[in-house]
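Ready for a few exercises? Have a go at each task yourself before you read the worked solution.

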Amino acid sequence: QYNNNAYITADTFLYYTRASEDTIRISANAASADFYYKYDEADGQSVTVFGYNRVKTTAREANSGFATVSMESGNMYARGGDYKSYFGVSTAYGIHARGGYMAVESGDFSVIESGTGIRCEYSESDTSSQEYLRISDGMFSCEYGDAIQVAGGKLTLTGGTFIKNALGAPSGTPSAVIRITDGTLADTGDTNTAKLLFDVQGSDVYGIYAVAESSGNASLTLRDTEFKFADGSNNLAIYAAGSTIGLTRCTFTMEKENTGGGNGGIRTQNSTLTLEGCEFVIPGTDASGVFVEKGNVTLADCRFDILGSGASTGVSVNDGMLTYSGGAVAVTGTDAKGLFVQNGTVEIGGITVESEGLGIGVESGSVTVSHLTGLDGNDLNVNTSGTAVRINGGNLTLNEGTTSQITSQISADTWGSDSVYVSGGSFESLGVLNITHTGLPNDNQYSGGDGTIYQRFAIKSFAVRVQASESGSSSVIIRSGNITNTVGGGIY
C-alpha cells in the first residue's frame, strides 16, 4: 500500500533505491515514474521506491523497446555482467539491436516465459557493412520464447552457449532457438570459430525456423554448431520456407530417451539448403529425417539416424530436388521408409540406406545413382528387413560405372516380401548390381505321401519381382552383377 492506503495494482514494477548507494546510477526518477514514495529504514538510510504502472501491458505493445540492452546507433560493447528480463512477453528482449554496431563478447543474458533472448531488427536503410550485431561469446537463457530472432539486418554468431527450457510452455505453443524472417545470420567464415551449443528442453520447438516474410529474404549460415534436444515431442531441427540455409559440421541430437512423437530433422518448402558433414539423431514415433517439398536440398557426407517406430521416414522428397553425395540413412520401425520419392527428383552417390522396413520407394518421381569421384566402395548400399527397392510408377536408374549392393533379410512383419519390386515404372541397372536375398520361407502345402511335395511348395518372396500395372508398363534392366538367393525365389 502507498499514498493514504491506496493499493498497488497488478502489473506494477517497483524500483527500490537507497540514498547511500549513490555509486549506482539508476534510470528511475520522479519524472519518469508513475508514482514514488519514501521512507527511512531501521538503520537510518533513506529509501525511495519508484513505481511504474501497466509494465507488461506496455511491453506487449509493438515497438515498446523493452530490453535489458538496447542498441539504436553508434557503437556498443558488452564484455561482462548479468542481464535479466522479467517481463515474460515476446516483445521484451534481452538484447535488442536496431541500428549501429554492437558486439557481445561476454556476459549472462536471461529472459523468462515467452520473452525473446536476442532480436536483431535493422531497417533496410540502417543496414551497412559497419552496422550489425556480433556475438562471439556469452551465456544466453530463455524459456518458451525464441532464443534468437533476426527480423532485419545482419547477426554474426561465432560463439556462445544458448539454453532453452520450454518445459513450462502452454500446450501447443511453438517457439524456436533461431527464428529468421528477414535478414542474415552467419558465422564469420573463420575456421577457428568456437563451437556453438544450443541446449533445448521441451516440446514444439524448432532448432532453426527460417521463413521469409513476403518482402523479406531469410538467410542462415552456421558451422560447428550443436543442437541438443533433451526431451519432448513435435520438435523439428530445421524448418525452412522461402529461405536459404547453409550448414557445415552441425549436429542435431534428440536424446534416445525421447519417446514423444512427431520429431523431425529437416522440413523445407521452396527453399535452398546446403548441408555438409552434418549429423541428425531423431527418435520417437513417426519420426522423420528430411522432407523436401518444392525446394532444392544438397547433402554431402551427412548422416541421419531415425531411431523411431511406426511410420518413420529417413528422407522424403515430394515435388522437390535432392542431391545426396556421401553419407547414410538408418531408420528403425517395421513400417519405416529409408528414402521415399513422390513427384520429386533425387540424385545420389556413395549412400548407404538401412531400414527395418522399406529401403527405397519411388512413386511418380525419379532416383539416379551416379559414381562419386574418389569413392572407394559401393555407390549404393541398401540393407533392409523389408523390400529394399519398390518402384510404383517411378524410375530408378543405376548409371554406368556404378556398383550397387542390395541386401535384404525379409521379416514376416515388415514392409513387403521381395528385395526388388517393380509394378509400373522402371528399374535400370546399367552398372554392376549385386543382390543378396533371404526371403520368407516357402509355404509347405504337402499333406501326404502322394509324391507331389515339390509341386506343392508356394514361393512367397523373390529377389526381383516384376508385375504389370494398370498405371503403365513395368521395365527392368540388369546388365551385370550377381543375385544370391538363400530362401525364396530369384526372379519373377
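**Exercise 1. One residue in a strand**

Is Asp108 buried, partly exposed or exposed?

Before solving, some ground rules. This is a predicted model, where local features need pLDDT of at least 70 and side-chain atom pairs count only at pLDDT 80 or more, while totals for chains, interfaces and linings use all residues. Residues are numbered from 1 along each chain as its sequence is written, and side-chain values use heavy atoms, with hydrogens and water left out.

Step 1: get the cut-offs. Buried means under 20% relative accessible area, exposed means over 50%, and partly exposed is in between (1.4 Å probe, protein chains only).

Step 2: apply them. Asp108 has a relative accessible area of 40%, so it is partly exposed.

Step 3: place the residue. Asp108 sits in strand 7, residues 101-111. Helices (H or I, at least four residues) and strands (E, at least two) are DSSP runs, numbered from the N terminus.

Step 4: look across the chain. Ser141 is 33 residues away from Asp108 along the chain, and their C-alpha atoms are separated by 8.0 Å.

**Exercise 2. Charged pairs**

Find out how many salt bridges the structure holds, then work through three of them.

Step 1: fix the term. A salt bridge is a side-chain nitrogen of Lys or Arg within 4 Å of a carboxyl oxygen of Asp or Glu. The structure holds 11 of them.

Step 2: start with Glu105 and Arg79. Their closest N and O atoms are 2.9 Å apart. Glu105 belongs to strand 7 and Arg79 to strand 5, so this pair ties together parts that are 26 residues apart in sequence. Glu105 is partly exposed at 26% relative accessibility, whereas Arg79 reaches 56% and counts as exposed.

Step 3: go on to Arg119 and Glu121, whose closest N and O atoms lie 3.0 Å apart. Arg119 counts as buried at 15%, while Glu121 is partly exposed at 23%.

Step 4: try Asp418 and Arg465, which meet at 2.8 Å, N to O. This pair links distant parts of the chain, 47 residues apart: Asp418 is in the loop between strand 35 (403-409) and strand 36 (420-423), and Arg465 is in strand 40 (residues 462-467). Asp418 is buried at 3% relative accessibility, and Arg465 is buried at 12%.

Step 5: look for shared partners. Salt bridges join Arg79, Glu105 and Arg134 into one network.

**Exercise 3. Empty space**

Describe the largest pocket and the largest cavity, and say which strand gives the most to each lining.

Step 1: see the idea. Rolling a probe the size of a water molecule over the atoms shows where empty space is left. On a 1 Å grid over the protein atoms alone, a cavity is a set of points where a 1.4 Å probe fits but cannot get out; a pocket is an open set with protein on both sides within 12 Å along at least five of seven lines; lining residues have an atom within 4 Å of a point. Grid points are joined across faces, edges and corners, and a volume is the space filled by probe spheres set on the points.

Step 2: take the pocket. The largest pocket has a volume of about 390 Å³. Its lining has 15 residues, with Phe13, Lys84, Ser85, Tyr86 and Phe87 nearest its centre. Strand 5 gives the most to this lining, with four residues.

Step 3: sort the pocket lining by class. You get seven nonpolar, four polar and four charged residues. Here Ala, Val, Leu, Ile, Met, Phe, Trp, Tyr, Cys and Pro count as nonpolar, Asp, Glu, Lys and Arg as charged, and the others, Gly among them, as polar.

Step 4: take the cavity. There is one cavity of 30 Å³ or more, and the largest has a volume of about 40 Å³. Its lining residues include Val315, Tyr324 and Gly338, and strand 29 supplies the largest share, three residues. By class, the cavity lining has seven nonpolar, one polar and no charged residues.

**Exercise 4. Positive phi**

Where do Asn270 and Ser364 lie?

Step 1: Asn270 lies in the loop between strand 21 (264-269) and strand 22 (272-276). Its phi is positive, about 50 degrees, although it is not a glycine. Asn270 is exposed, with a relative accessible area of 53%.

Step 2: Ser364 is in the loop between strand 30 (358-363) and strand 31 (366-369). Ser364, not a glycine either, has a positive phi of about 55 degrees, and is partly exposed at 45%.
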